[in-house]
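Work through the exercises below with the sequence and the coordinates at hand. Each task is followed by a solution in steps.

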Amino acid sequence: MQKPQILWRNQTPSRSSLKLGWRQLSSTAKLALITFSLLYLSLSIYSSLKQQSAFSIALCLVSISSMIIMILHANGFAKDKLGSLMNQLKAENNKIWVGDYQLPDTVRKVVIGRMDIQGPAYLQLAWNQGHQWIFQLDELQQVRHFFRQHAPQIDIVNE
């Protein structure tokens, strides 16, 4: 449930997450992705051949591959296997714990929001390379309330 880096979408995708992302796309979305990819690829190759630039062809291939991998990886994120953050949150002796991780005393701000409209939700420590926890969207208000009640000194940034 805990992600060590804030930019979870930039993590190296696994083959299984890409397969799951492809399976979870609707047939219309699959057709649209294939059509857009082929159109972009053909126009880029035509432009590169017109300019006689091998570098442009390589750049085109990398960019379209990256876009497809990003879409499949984001869609293949297993939202139904998320844990409950409310079961992990606890307050003891004016300290906030998320599972076995104690929030440092220097934490003055957390970011709480959702990845997209359907979820999942996330709690993020607001500094570079901070920790992030991804949890079920229906717990979003409970997590905000927990921080307001048990840690009023911590600012909540709503995303």
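**Exercise 1. Find the contacts of S37 beyond its sequence neighbours, then place the residue.**

Step 1. With neighbours within four places in sequence left aside, S37 touches I64, M67 and I68, where a contact means heavy atoms within 4.5 Å.
Step 2. S37 belongs to helix α2; helices (H or I, at least four residues) and strands (E, at least two) are DSSP runs, numbered from the N terminus.
Step 3. S37 is buried, at 9% relative accessibility. The classes are buried (under 20% relative accessible area), exposed (over 50%) and partly exposed (in between), with a 1.4 Å probe and protein chains only.

Conventions for this and the later exercises: the model is predicted, so local features need pLDDT of at least 70 and side-chain atom pairs count only at pLDDT 80 or more, while totals for chains, interfaces and linings use all residues. Residues are numbered from 1 along each chain as its sequence is written, and side-chain values use heavy atoms, with hydrogens and water left out.

**Exercise 2. Describe the protein as a whole.**

Step 1. Count the elements: the protein has 4 helices and 8 strands.
Step 2. Read them from the N terminus: β-α-α-α-β-β-β-β-β-β-α-β.
Step 3. Of the 159 residues, 32% are buried.
Step 4. Among contacts with a separation of 6 or more, 61% are between residues 24 or more positions apart.
Step 5. The exposed surface is about 10200 Å², and carbon and sulfur atoms supply 56% of that area; accessible areas come from the Shrake-Rupley method with a 1.4 Å probe, and for residues only the protein chains shown count as cover.

**Exercise 3. Work out the strand order of the open sheet of 3 strands, and say what packs on that sheet.**

Step 1. The order is β2-β3-β4, with antiparallel pairing; two strands pair if DSSP finds at least two bridges between them.
Step 2. The edge strands are β2 and β4, each with a single partner, so each has one side without a neighbour in the sheet.
Step 3. Helix α4 (residues 140-150) packs on the sheet, in touch with β2 and β3, and its direction makes about 5° with that of β2. Axes are lines fitted to C-alpha atoms, for helices over the stretch in contact, and angles run from 0 to 180 degrees between N-to-C directions.
Step 4. The antiparallel pair β3 and β4 has 2 bridges, and V98 has Y101 of β4 as its bridge partner.

**Exercise 4. Which residues form a salt bridge, and what does the pair tie together?**

Step 1. The whole structure holds 1 salt bridge, defined as a side-chain nitrogen of Lys or Arg within 4 Å of a carboxyl oxygen of Asp or Glu.
Step 2. The partners are K95 and D105, with the closest N and O atoms 2.7 Å apart.
Step 3. K95 is in strand β3 and D105 in the loop between β4 (101-102) and β5 (109-114), so the bridge ties together parts that are 10 residues apart in sequence.
Step 4. K95 is partly exposed, at 23% relative accessibility.

**Exercise 5. Locate Q52 and N94, and state the sign of phi for each.**

Step 1. Recall the background: most residues other than glycine have a negative phi.
Step 2. Q52 has a positive phi, near 55°. Q52 sits in the loop between α2 (27-51) and α3 (54-75) and is exposed, with a relative accessible area of 73%.
Step 3. N94 also has a positive phi, near 60°. N94 lies in the loop between β2 (89-92) and β3 (95-98) and is exposed at 78% relative accessibility.
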